[in-house]
2 protein chains.
Amino acid sequence: MAESRNVGVTGASRIFDMLRQDLLDGRFAAGDKLAISALRDHYDVSLSPLREALNRLAAYGLLEQENQRGFRVPRLSREELDDIMTMRKALEGMALERAILQGDAEWESHLLAAAHRLKRADEAGLTGNEWEALHAEFHHTLVRPCGSVWLLRFIAQLHDQFDRYRRLAPAIPEIRCELDRQHGELMTLALERSVEGARELLDDHIQLSYRVALGSCGEQTT
Amino acid sequence: MAESRNVGVTGASRIFDMLRQDLLDGRFAAGDKLAISALRDHYDVSLSPLREALNRLAAYGLLEQENQRGFRVPRLSREELDDIMTMRKALEGMALERAILQGDAEWESHLLAAAHRLKRADEAGLTGNEWEALHAEFHHTLVRPCGSVWLLRFIAQLHDQFDRYRRLAPAIPEIRCELDRQHGELMTLALERSVEGARELLDDHIQLSYRVALGSCGEQTT
DNA sequence: AGTCGAAAAATAATCGATTTTTTAATAAAT
DNA sequence: ATTTATTAAAAAATCGATTATTTTTCGACT
């Protein structure tokens, strides 16, 4: 047994995590209303913790809440994706710059490790939530020492938003290959403390991801 | 009567609004645990909608939630205030620049109106939530046409965070007077489409506000 | 045929009570 | 005197049922 006791886990927090994952995985159709009693059955939990989780997700931006008529999955739009992409460039660029200036030796090892794990996962052809976790971890490690809790919070939120689009979009192997390559190069530039180079590459990286993500909006790549 | 029916208002949404106001007003001591049953009595509502509101506020960042041990009002720290101030400069500066480039004639009139109302309120010595509402409205109007829903969302969130500090701090009449003056000048520069001038002034404005807000951390002004 | 309105069904929101977990109080032991 | 174990009290989380609101259905009427 991993633990004798589920310390610090409530029904609501458990459902929040599961629902968040399922929303990022695109298990619910965009625009759909969530059938609360169906969720109740599916996750085998009572209404109170379920509704608490839904309220958190709505405040976080992964659900829309309309008083007296429940919760729905936000629609996807080209305009919003553009917004998210632009904000990612601005905020992650800012964070990366600061991280490169402030990151210490321990950051270097964490970054090296995260990049390595991601590379091995790429080579092994790993997909799904395992790969997603390593990918998110790499990007988070990259900007972690930026020194701003609020900046990291906003970046994480934008990542979740972006992922709704990206994970739904059809894969484009050539781009995916280039994206994988960029992860390694981002690490290299960061370790070299090359602020300008890293920022430019991160911009390219987000732009390339965006071209993939566009596939979820029924638009062609630019 | 204003409305024949409370359209689109639930107990939870009502409590959310009231609690948010009370948190910004500093009605709860930072670091304190919220006594849920006391809140239940005070706001005269049942546990379910109350807990839903608390969950929203925690996801929004105005409360901290620890599983199995309820909700508490986040502590105030000089470090966090610095973070919030720095992020406000970055995000509002970005938004203002975009707003000035994209704002149309209608924006100009709204901005003029908001600045006028705020000025009249200043002259009339208005204080409390009425002044706060006009002040928030002015700053929101200033950046509204920036074109990014997410940017506006983050800015609003940071404003709420900043206000927890500012409203708690002792007033400094000379600074307050200068801040009032800056509002008018910000409007002028924005209407003149002076991107650089407006950005610089907004930076100064936030910095000056920050000097006031520091008073809530038991620190002297810098 | 289409529109309007009443009744029925479905869904959301809320309530009061119960269960679980944490915190505080007390006593026993080193 | 401090620590540890036990119990009592308090608080948080959850449950099942009830109430309020919205949505759908159905039939009368134009």
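Q: Hi! Which atom of DNA strand D does a polar side-chain atom of B:Arg51 lie 2.7 Å from?
A: Hello! That partner is a phosphate oxygen of DNA strand D. Just keep in mind that this is a predicted model.

Q: Sure. How many residues surround strand D, and which are the closest?
A: There are 19 residues around DNA strand D. The closest are A:Gly11, A:Ser46, A:Ser48, B:Arg51 and B:Gln68.

Q: And which part of the strand accounts for the atoms that come within 4 Å of the protein?
A: Sugar and phosphate, for 86% of those atoms of DNA strand D.

Q: OK, back to A:Ser46. Which of its atoms lies 2.9 Å from a phosphate oxygen?
A: For A:Ser46 it is a backbone N or O atom that lies 2.9 Å from a phosphate oxygen of DNA strand D. B:Gln68 also brings a polar backbone atom, 2.8 Å from a phosphate oxygen of that strand.

Q: Which helices of chain A each supply at least two residues of that surface?
A: Helix 1, residues 11–24, and helix 3, residues 47–60.

Q: What's the mix of nonpolar, polar and charged residues there?
A: The surface near DNA strand D has five nonpolar residues, eight polar ones and six charged ones.

Q: Let's stay with B:Gln68 for a moment. Where is it in chain B?
A: You'll find B:Gln68 in the loop between strand 1 (64–65) and strand 2 (71–72) of chain B. B:Gln68 has a positive phi of about 70°, although it is not a glycine.

Q: Buried or exposed?
A: B:Gln68 is exposed, because its relative accessible area is 58% and the cut-off for exposed is over 50%. That area counts protein chains only.

Q: Which other non-glycine has a positive phi, of about 60°?
A: B:Arg193 has one. B:Arg193 sits in the loop that links helix 8 (173–191) and helix 9 (195–213) of chain B. With a relative accessible area of 29%, B:Arg193 is partly exposed.

Q: Switching topic: what does UniProt place at residues 9–76 of chain A?
A: The UniProt record, an unreviewed entry, gives "domain: HTH gntR-type" for that span. In this model, residues 9–76 of chain A are 53% helix and 6% strand, and the end C-alpha atoms lie 32 Å apart.

Q: Where does A:Glu64 fit in, and what does it touch?
A: A:Glu64 belongs to strand 1 of chain A, residues 64–65. Leaving out residues up to four places away in sequence, A:Glu64 touches A:Gly70, A:Phe71, A:Arg72 and A:Pro74. A:Glu64 counts as partly exposed, because its relative accessibility is 42%.

Q: Now the inside. Which residues touch the most other members of the largest nonpolar core?
A: That core has 85 residues, and the ones touching the most other members are A:Leu91, A:Phe138, B:Leu91 and B:Phe138.

Q: What does A:Leu91 touch?
A: Setting aside residues up to four places away in sequence, A:Leu91 touches A:Leu151, A:Phe154, A:Ile155 and A:Leu158 in chain A, along with B:Leu91 and B:Phe154 in chain B.

Q: Last one: is A:Ser148 buried or exposed, and where is it?
A: A:Ser148 is buried, because its relative accessible area is 1% and buried means under 20%. A:Ser148 lies in the loop between helix 6 (128–143) and helix 7 (149–168) of chain A.

Q: And which residues is A:Ser148 in contact with?
A: Not counting neighbours within four places in sequence, A:Ser148 is in contact with A:Arg98 from chain A, plus B:Asp83 and B:Met87 from chain B.

Key:
Residues numbered from 1 in each chain as written. Chains lettered and ligands numbered in written order. Predicted model: local features only at pLDDT ≥ 70, side-chain atom pairs only at ≥ 80, totals over all residues. Heavy atoms only, no water. Near = heavy atom within 4 Å. Polar contact = N/O pair within 3.5 Å; in protein donor to acceptor, adjacent residues only side chain to side chain. Helix = DSSP H or I, 4+ residues; strand = E, 2+ residues; numbered from the N terminus. Nonpolar A, V, L, I, M, F, W, Y, C, P; charged D, E, K, R; others polar. UniProt positions renumbered as here; feature names shortened; annotations may be inferred. Core = buried A, V, L, I, M, F, W, Y, C linked by side-chain atoms within 4.5 Å. Buried < 20%, exposed > 50% of the residue type's maximum accessible area, 1.4 Å probe, protein only. Contact = heavy atoms within 4.5 Å.
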